[in-house]
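Student: Got a minute to go through this one with me? I'd like to talk through a helix and a pocket.
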Amino acid sequence: MNHNASLLFILCIPYVTTYGIEFNYPAVFNFGDSNSDTGDLVAGVGDHLDPPNGQTYFKGPSGRFCDGRLIVDFLMDAMDLPFLNAYLEALGVPNFRKGCNFAAAGSTVLPPTQYSVSPFSFGIQVAQFFRFKSRVLQLQAKSKRFNKYLPDEDYFSTGLYMFDIGQNDLAGAFYSKSFDQVVASIPFVLAEFETGIKKLYDEGARNYWVHNTGPLGCLPQNIAKFGTDPSKLDSLGCVSAHNQAANLFNIQLHALVTKMQAQYSNANFTHVDIFTIKSNLIANYSKYGFEQPIAACCGYGGQPLNYNSQLACGQTKTINGSSITTNVCNDTTEYVNWDGIHYTEAANQHIASQILTGKFSDPPFADKMPFLLNLRF
């Protein structure tokens with residue numbers, strides 16, 4: 001399994017009128033995988049990331065699988081909220097007043113297996129949220145002195161719930177299953193996702209914004225493993241089967257979102273086509289100021305992928321008797337891909353700005369974005 005990025009990205013959006021969205025949240029609660037993990041996996045399993053991870057913005061590893069900020073960081077910034085603290089990070093006086101991040105790299109929607117990178121599957125993250133909420137309410141009942149570190153009780157109903165999880169279910173399945181078996185597993189993944197959403201709904205979460213999955217066939221990790229036969233690649237050099245599976249997942253995800261909107265009439269569901277945003281970036285990279293759409297900025301092996309599955313970004317290892325070290329590109333803003341699995345900060349910023357246009361949403365929300373004029377990135 002891998003620390004792959006996201007499938008589902010859901011923002012719960014409070015409705016003030018029947019006409020649309022009010023982008024004004026007191027707090028954010030995020031669930032997901034490496035696409036939005038701000039330090040949970042490394043804290044939770046006692047792991048660490050090596051430089052140059054984090055070099056662009058944090059000037060050192062920040063617990064994010066990136067050279068800098070993630071999509072979720074840019075979205076928080078756009079909403080004028082602070083970056084989210086990881087639930088499992090005990091040090092550095094974490095402040096949960098404005099929300100909490102339960103996302104952990106490598107996490108799946110389905111329960112973890114012996115091969116899983118992360119034990120913190122979606123069901124576990126939802127359970128962690130319930131424990132978090134329960135503890136917050138307990139502490140608040142005891143003393144007001146915790147208030148500056150904890151969300152108010154009503155933040156749990158008016159706050160923004162974000163989900164960015166599921167791509168690891170697809171990407172991991174390809175290591176042991178045929179294409180048809182991977183596709184056959186999709187309804188089970190979505191059923192588990194729906195179960196988690198229902199539990200949160202029953203606890204008062206109301207408005208959801210769902211990102212579909214990106215083109216996982218365009219990640220160097222998957223091209224290196226499954227794309228050695230050129231006939232398996234599409235015109236962009238991506239693994240056709242992986243992207244086809246992602247598309248089939250997305251069709252079913254959209255149907256599920258539509259179903260849940262009908263079922264929970266006092267909730268709001270918005271579906272965002274992240275696949276199109278990322279595919280457009282990879283297909284038209286030069287138009288957006290990039291020079292390398294596929295190759296990893298930080299990796300080993302040189303062009304065309306600069307990726308070696310035995311060596312994570314920043315590592316030095318002895319392989320076949322010789323010591324090898326990953327190299328890092330001179331200018332991360334020229335690269336879409338950071339480490340063979342995850343996107344660069346520059347790519348994440350582009351993706352976030354495209355999300356915030358509202359054009360890739362169903363229903364669209366382009367006219368509901370009062371803060372767009374004040375974006376700080």
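Student: What phi does Gly204 take, just after H6?
Tutor: A positive one, about 110 degrees. Helices here are DSSP runs of H or I, at least four residues, numbered from the N terminus. This is a predicted model: local features need pLDDT of at least 70, side-chain atom pairs 80 or more, while totals for chains, interfaces and linings use all residues. Numbering starts from 1 along each chain as its sequence is written, and side-chain values use heavy atoms, without hydrogens or water.

Student: How far does H6 reach?
Tutor: From first C-alpha to last, 35 Å over 24 residues. That is close to the expected 34 Å, taken as 1.5 Å times one less than the number of residues.

Student: Where is the kink in H6?
Tutor: At Ile186, shortly before Pro187, and about 25 degrees. The bend is the angle between axes fitted to the seven residues ending there and the seven starting there.

Student: Is Ile186 buried or exposed?
Tutor: Buried, meaning under 20% relative accessible area with a 1.4 Å probe, protein chains only. Other buried residues of H6 include Val182, Phe193 and Glu194.

Student: Switching topic. What lines the second largest pocket?
Tutor: 16 residues, with Thr113, Asp169, Gly172, Ala173 and Lys177 nearest its centre. A pocket is an open set of points on a 1 Å grid over the protein atoms alone, where a 1.4 Å probe fits, with protein on both sides within 12 Å along at least five of seven lines; lining residues have an atom within 4 Å of a point.

Student: Which helix gives the largest share?
Tutor: H5, with four residues.

Definitions and conventions: Helices (H or I, at least four residues) and strands (E, at least two) are DSSP runs, numbered from the N terminus. Buried means under 20% relative accessible area, exposed over 50%, partly exposed in between (1.4 Å probe, protein chains only).
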